Amino acid sequence: MTISTRTRLLHPTLLALAVCTWQMAYANPALEEVIVTSSRIAMPLRQVGTSVSVIKQEQINQLGFTSLYDVLRTQPGVSVTNTGGVGSAAALRIRGEEGYRTLVLLDGIDISDTSGPQVSPRFEQILSSSVQRVEILRGPQGLMYGADAGGVVNISTIAPTEGLGGEVSAEGGRYGAEQFAGNVGGGNQTVDFNLSGADFQTDGFNARTTDTVQQDDDGYENSTLNARLGYNASDKLRLSLVGRDVDGKNHFDDCYTADTFDPTDRCHDEYEQQSWRVAADYTSDRFSHQLAYNGNDTHREFYSEGLSSFQTKGALERTSYLGSFAASEQTRLVYGVDLETASMDDGSVDENRDQNGYYLEYQGGFGDRLFVTVGTRLDDNDDFGKHSSYRVSGAYLIPVADGEMKLKSAYGTGFRAPSLYEIAYNKGSFAYPPAAGTTLKEEESKGYDVGVSWLASSGIYLEAVYFNQTIEDEIYFDLNAYSGYLQRSGDTDSTGVELAADWPLTDTLSLNANYTFNDTETSTGDSRPYRPEQLANLGVNWQALGGKLMLGTAWRLSQDAEDIDGTQLDDYQVLELNASYLLTPALQLFGRLENALDEDYQEVPTYNTSGAAGYAGVRYSF
């Protein structure tokens, strides 16, 4: 049986499984997972009308992936394309939108890199080590942040706890990969802290199929440090400080020499980002206030045959105020201000721009069944003036058997101003018609989703969501004539369905599954490249020996993606295996086998991916 045949048999099976779980789900009252990302303040999941996925530290550790994007791609609506292995440029797309349309916050810091062609996160530089929780808000519902159509990825590192404790770990495996990581933290009722870090390196593999002469391994190194400090000045006032430093070095193929401009495959880039956040939180009976300042400095430099060929710097600073007023137990107003400055300097372009945002959201509950939010935001951009956006969401709960069924819906809008680089490129010497004569204007986005979910105290969670979203006047680079940045007239669409199921079959055996159908089109009717029309994930986890032994599988399917020229890309499926064993309550052995079936596939044409690769390590907690 061929791979293509197997995939077409497997994903209908997954759909049938999701349907069966709907029929078998009868449990006790729903658990109330607390969600922060939807409205920037804590809300029980049962009251949230937007689509949010949550990944906890236990799942991150069990999967074991080095890069956080490999963990995120197990979630509904999320796809990733990587160009040559760990550390190589990666694009994470939510519901088919470009990666730069997704806002990423890490411990409250906007870690977007402003030095590139678009203001975007560098997912390839984020290790999974020390990440405690991730919330993914899918779609153009990020009103409170001024986020674009992709949504928001909110990452939290390990939080300080009382007392003193931590852990250290070491692992290694194929391609000369090794990682040393650890964290230590503690505190009392007045002061708390956590310090975490990781050092990772790998020899990698040949990044591109086009490198047929040198055929060298293209490796990657990453050192990350993260620090959190908190001070409770009183029972109402808390001060906090976060600092983060990332250094990455990645080898790749296909660049040009700095002196003769000849093609070469001896290329590497160096990435540095320092980011920080200081905040003061004050809470009274009905009011809460948060004043924060966060920012980052990014420096990237590219080398060919050991000589520097290009470098660029970026900076992002944001001062923000977030407030809330509880008018009653079921009525709350959330409001705030974001004052942001972004800049970039690549030697030929040295620009900066301010954008100020003001937002207000009403949150209301009617009885214990209906919950709604209505919000608006005004953004004032230096170059593109004022723009209003809004969001409406609702959740309605229905008791069913011993649990709750939730009907939910959300509609939101947003906008993205052309980046400093996009504007400068079209005005610079490298552009020529038609791009040289194009004056870019802002993109606008809108979208809605409707869904139904089931939550049960037994741990069962089931969800089905239909979504539709559009980008008006999408900006894109001219890949036909390479003249610069052009703008489509009309709407670029993304429409689809997301199904998800988490099902504890027994006390020791659990299953999680999701399936995404995503149909994407440009305003001219062409499919958007590298977006799989069908994505599926299936995970099974089993505990034995009183919980000391844990075994897991993670299977991923990708189908019906196209290249830039419309050529159909290969379908593929990847199987990952993972295991861990507690030798003592403090000492754990763990391992994983990535691409266990040694699938030969490409996420982007001419870029290689990892073959079957085993990794093992040890973790000690204290």
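Two strands count as paired if DSSP finds at least two bridges between them. Keep that in mind while walking through this predicted model, starting with its strands.

Take β14, which covers residues 237-252. On one side, β14 is joined to β17 by 16 bridges, and the two run antiparallel. If you want a spot to click on, try D247: its bridge partner in β17 is E272.

β14 also pairs with β13, the strand spanning residues 218-232. Here there are 13 bridges, and the direction is again antiparallel. A handy residue pair for finding your way is A227 and its bridge partner in β14, G243. To get from β13 to β14, the chain goes through a hairpin of 4 residues.

Now for the sulfur chemistry. The structure has 1 disulfide, and it links C255 with C267, with the sulfur atoms 2.1 Å apart. Where do C255 and C267 lie? C255 is in strand β15 (residues 255-256) and C267 is in β17 (residues 267-283), so the disulfide ties together parts that are 12 residues apart in sequence. That brings us back to β17, the strand that β14 bridges to.

What about the handedness of this disulfide? The torsion about the S-S bond of C255 and C267 is about -100°, so the disulfide is left-handed.

Finally, are the two cysteines buried or exposed? The cut-off for buried is under 20% relative accessible area. C255 has 11% relative accessibility, so it counts as buried. C267 comes in at 3%, so C267 counts as buried too.

Notes:
Residues numbered from 1 in each chain as written. Predicted model: local features only at pLDDT ≥ 70, side-chain atom pairs only at ≥ 80, totals over all residues. Heavy atoms only, no water. Disulfide = S-S within 2.5 Å. Buried < 20%, exposed > 50% of the residue type's maximum accessible area, 1.4 Å probe, protein only.
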